[in-house]
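Student: I should like to work through this structure with you, one question at a time. May we begin once it is displayed?

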Amino acid sequence: MASVEGTTLFTPYKLGKFHLSHRIVLAPMTRCRALNGIPNEAHVEYYTQRSTPGGFLITEGTLISPTAAGFPHCPGIYMDEQVEAWKKVVEAVHAKGAIIFCQLWHVGRASHPVYQPGGVAPISSTNKSISNRWRILMPDGSNTKYVAPRALAASEIPTVIGHYRQAAVNAIQAGFDGIEIHGAHGYLIDQFLKDGINDRSDEYGGSLMNRCKFLVQVVHAAVSAIGAERVALRISPAIDHLDASDSDPLALGLAVVEKLNKLQQDSGSRLTYLHVTQPRYVARGQTESHGQSSEEEEAHLIRTLRNAYEGTFMGSGGYTRELGMEAVSQGDADLVSFGRLFISNPDLVRRFKANAPLNRYIRATFYTQDPVVGYTDYPFLDQEGGSNRLQSRL
C-alpha cells in the first residue's frame, strides 16, 4: 500500500456506513469488572469516558456462552440480562456520538474447570494444555497452571458456531453497531488456526485450508445472521501468546485474507474491517519475548497482509502516538487501536491531538474488580494533575 500523503490519526475516515472523525480506536481489553458476567454502571462510565463524536470503540472480550470464560468477571452476551445491561452502555456511547462494536470471545483451552459449568475441562481444538510458562488468573486473584482441555468432536463444532451466531444477533439486539470476532491471541479460533496447537486429523486439522475451516464457518454464520457490514475479525498470525505459534505465520495470515476477500467477491459485501495484532503486543507486554520476529520481519508481514486485504485494515499492538501517525501516513493501516494508553487516558484522542503528556497506567489494577480504581478514576487533561503525569514505559 502506497503512503497516503497528509493522512494523520485525525484525518476522517469512512468505515463502511460509519463516518469516523478520527482514526484512533479503543482496543478490546479485558478488565474483569462485570460481576457475575453482567455489565453495570461502571461499564457505562468507562466506555462513555472514552467516547468522542465520530470515534470508534470495541468492547472488551464478551463471552458467547457459559463455557467461554477464562478470566474472572468477564461480561457475556448470551443471556437476556446481559443484553439488557449492554443496552445502557451502548445508549450512553451513542449519546456521545460514537460507534461501538462488541467483541465476541471464547477462550477455548485458555480456561480452567473453575470457570466451566460443572467444573469440567475446557474445550479446544486439541487435548494439549498450555505450557507451564503461562499462568491463568483465578477468581481469588491467584495464578495457577492451565489444565488439559478436551478436544471438540467434529459433531460438536456446529453447536459452538451457533453460539457465535446467536451472540452476534444478541449484540445487535443490544444496540451495538456491529461485532468483532476474536480470532487472535491463542484463544479458541486461534487454537484451530495455528499448527503449533491444532493436532487434529479430521476436516478441521492438518492442512492450512482445514485449519481455517472453523474460522470461516464462524464468520459466515455471523454474516448470515447480521450482515457483513456489521461484522469484523481480529487475528494475530505472528503472535505466540499462550503457545499460539505457527510454522508459517505469513502463509496463515494470507490464507485468512484470501478467505475474507473471497467472501467479498462471492457476496458483493465485505467485512467492516480486519484487525491485525502485531508481535510487539507480546514482546512489550511480557518480561521476555518467546520466539518473536524481528522488526523487519514484522513490518514485512503486516504490510503484506495489508496489501493483500481488500478492505479496511486496523493495526494494533504497542502503538504510540508516533507509531500510529507513521502507520496511517505510510498506508500501513487505515485505523489504529490503542489499549493500555486508553486505559489510563480516557481522553486519549484529545491528548494525542494536543500532543499532551499522558497518564501512567497502573498494571496492577488492570484485572481487579474495583468499579472505580484503575478503571474510571484516571484524570482527564483539564483535571488537577492530569497534565503532569509522564507517559509510561513498558
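Student: In this predicted model, which helix contains asparagine 261?
Tutor: The model is a prediction, and the helix assignments are computed from it. The helix in question spans residues 249-267, and asparagine 261 falls inside that range. The helix is α7.

Student: Is asparagine 261 buried or exposed?
Tutor: A residue counts as buried under 20% relative accessible area. Asparagine 261 is therefore buried, because its relative accessible area is 8%.

Student: Which backbone oxygen does the side chain of asparagine 261 reach?
Tutor: Leaving aside neighbours within four places in sequence, asparagine 261 is in contact with Ala308, Tyr309 and Glu310. The side chain of asparagine 261 comes to 2.9 Å from one backbone oxygen. That oxygen belongs to alanine 308.

Student: In what order do the strands of the barrel follow one another?
Tutor: The barrel is closed by 8 strands, and their pairing is parallel. Neighbouring strands of this sheet are turned by 25° against each other on average, direction ignored. The order is β3-β4-β5-β10-β11-β12-β13-β14.

Student: Which residue in β12 stands opposite isoleucine 235?
Tutor: Strand β11 covers residues 231-235 and strand β12 covers residues 274-277. These two strands pair in the parallel sense over 3 bridges. Opposite isoleucine 235 stands valine 276.

Student: What angle does the direction of helix α1 make with that of β4?
Tutor: Helix α1, residues 41-49, packs on the sheet and touches β3, β4 and β5. Its direction makes with that of β4 an angle of about 150°.

Student: Which residues of α3 are buried?
Tutor: Helix α3 has 17 residues and reaches 25 Å from its first C-alpha to its last, close to the 24 Å expected. What covers its buried residues includes α2, β5, β6, β10, α4 and α6. The buried residues are Ile157, Val160, Ile161, Tyr164, Ala167, Ala168, Asn170 and Ala171.

Student: What phi does glycine 175 take?
Tutor: Glycine 175 comes just after α3. Its phi is positive, at about 105°.

Student: Which helix gives the largest share of the largest nonpolar core?
Tutor: This core has 102 residues, and those with the most contacts inside it include Tyr164 and Phe214. Beyond four places in sequence, phenylalanine 214 touches residues including Ile157, Val160, Ile161 and Tyr164. The largest share, 8 residues, comes from the helix of residues 213-226, α6.

Terms used. Residues are numbered from 1 along each chain as its sequence is written. This is a predicted model: local features need pLDDT of at least 70, side-chain atom pairs count only at pLDDT 80 or more; totals for chains, interfaces and linings use all residues. Side-chain values use heavy atoms; hydrogens and water are left out. A nonpolar core is a set of buried Ala, Val, Leu, Ile, Met, Phe, Trp, Tyr and Cys residues joined through side-chain atoms within 4.5 Å. Buried means under 20% relative accessible area, exposed over 50%, partly exposed in between (1.4 Å probe, protein chains only). Helices (H or I, at least four residues) and strands (E, at least two) are DSSP runs, numbered from the N terminus. Contact means heavy atoms within 4.5 Å. Two strands pair if DSSP finds at least two bridges between them. Axes are lines fitted to C-alpha atoms, for helices over the stretch in contact, and angles run from 0 to 180 degrees between N-to-C directions. The expected span of a helix is 1.5 Å times one less than its number of residues. A polar contact is a pair of N or O atoms within 3.5 Å; within protein, one must be able to donate a hydrogen and the other to accept it, and residues adjacent in sequence count only if both atoms are side-chain atoms.
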